[in-house]
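Biologist: Please take the end of the chain in this model and look at it closely, beginning with a single residue and working outward. I am teaching a first-year student, and each term should be explained when it comes up.

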Amino acid sequence: MTFPQLPNQSQARMERPHEPTPQELWAGPGGPPRKRSPWLWIGLGVGGGAVLLAGAAAVVLALVVFSPGAGVKRASEQMSADLASGNLSRAYGEFTPALKEHLSETELTSRLTELQVDSTCAADIQRADSLARAGQRPRGTAEGVLVCGTRAFDLSYRWEGDPLMLDGIRIQPR
């Protein structure tokens with residue numbers, strides 16, 4: 001069945017309107033998207049790198065500060081500072097009872113005077129190890145050098161307990 005032709009219609013075949021492609025739909029009415037700025041990606045890359053670097057620094061700092069040997073090193077540095085400054089009563093208070101039996105405070109004073117350990121001395125703790133195992137009392141050792149002007153001494157501490165108490169001390173001229 002055919003329909004009669006109306007006077008204002010042409011003989012041309014009628015076509016459906018143009019359907020947009022998916023790219024045109026995503027682009028919106030403004031046309032295709034313009035190229036992205038490279039500065040955006042540079043900024044995101046630098047920001048991401050900074051976040052990764054800060055995270056790595058936090059992990060390293062936590063490992064150094066909270067490592068088992070860090071407490072031994074801090075105690076050893078404090079003991080060296082007390083011995084050098086002449087604060088022997090405080091240093092002697094950090095000794096274990098077993099060490100106090102073998103070394104009195106007057107003996108400690110005379111030995112340090114004999115070695116000429118004074119306020120010019122500075123300790124450099126080069127190695128501090130924690131020897132504690134699960135279920136055992138905390139223990140640790142520290143070794144370093146005590147420098148007093150032109151004189152140098154080998155320094156060794158042995159720590160035990162919680163809080164750490166000095167269980168052994170050795171100061172020998174080099």
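Modeller: R174 is a good place to begin, because with a relative accessible area of 64% it counts as exposed, where exposed means over 50%, buried means under 20%, and partly exposed is anything in between, calculated with a 1.4 Å probe and protein chains only. Before going further, please keep in mind that this is a predicted model, in which local features need pLDDT of at least 70 and side-chain atom pairs count only at pLDDT 80 or more, while totals for chains, interfaces and linings use all residues. Residues are numbered from 1 along each chain as its sequence is written, and side-chain values use heavy atoms, with hydrogens and water left out.

The side chain of R174 meets that of D154 in a salt bridge, at 2.9 Å from N to O, the term being used for a side-chain nitrogen of Lys or Arg within 4 Å of a carboxyl oxygen of Asp or Glu. This pair links distant parts of the chain, since D154 is in strand 3 and R174 in the segment after strand 4, 20 residues apart. Strands (E, at least two residues) and helices (H or I, at least four residues) are DSSP runs numbered from the N terminus. D154, unlike a residue that is fully open, has 27% relative accessibility and therefore counts as partly exposed.

From D154 we can move across to the neighbouring strands. Strand 3 covers residues 151–160 and runs antiparallel to strand 2, residues 139–148, with 10 bridges joining them; two strands are said to pair if DSSP finds at least two bridges between them. D154 itself is the bridge partner of V145. Two residues lie between strand 2 and strand 3 in their hairpin, where G149 takes a positive phi near 65°.

On to the next pairing, strand 3 is joined by eight bridges to strand 4, residues 165–173, and these two also run antiparallel. Here L155 stands opposite I171, and E160 stands opposite M165. The hairpin of strand 3 and strand 4 has four residues between the strands, and in this hairpin G161 has a positive phi near 90°. As background for reading any such arrangement, in a regular strand the side chains alternate between the two faces of the sheet.

Strand 2 also has ties to strand 1. R127 and E143 form a salt bridge whose closest N and O atoms are 3.3 Å apart, and because R127 lies in strand 1 and E143 in strand 2, the pair ties together parts that are 16 residues apart in sequence. Both ends are partly exposed, R127 at 44% relative accessibility and E143 at 33%. These two residues belong, together with D129, to a network of salt bridges.

A further tie is a disulfide, which here means a pair of cysteine sulfur atoms within 2.5 Å, and a search of the whole structure finds one. It joins C121 to C148, with 1.8 Å from S to S. C121 lies in strand 1, residues 121–130, and C148 in strand 2, so the pair ties together parts that are 27 residues apart in sequence. The torsion about the S-S bond of C121 and C148 is about 115°, so the disulfide is right-handed. Whereas the residues of the salt bridge between R127 and E143 are partly exposed, both C121 and C148 are buried.

Finally, the strands take part in the largest nonpolar core, which has 26 residues; such a core is a set of buried Ala, Val, Leu, Ile, Met, Phe, Trp, Tyr and Cys residues joined through side-chain atoms within 4.5 Å. The members touching the most others are M79, L83, F95, L146, Y157 and I171. Strand 1, strand 2, strand 3 and strand 4 each give two or more residues to this core, as do helix 3 (68–85), helix 4 (88–93) and helix 6 (105–114), and helix 3 provides the largest share, five residues. To place the region in the whole, the protein has six helices and four strands, which follow one another along the sequence as α-α-α-α-α-α-β-β-β-β.
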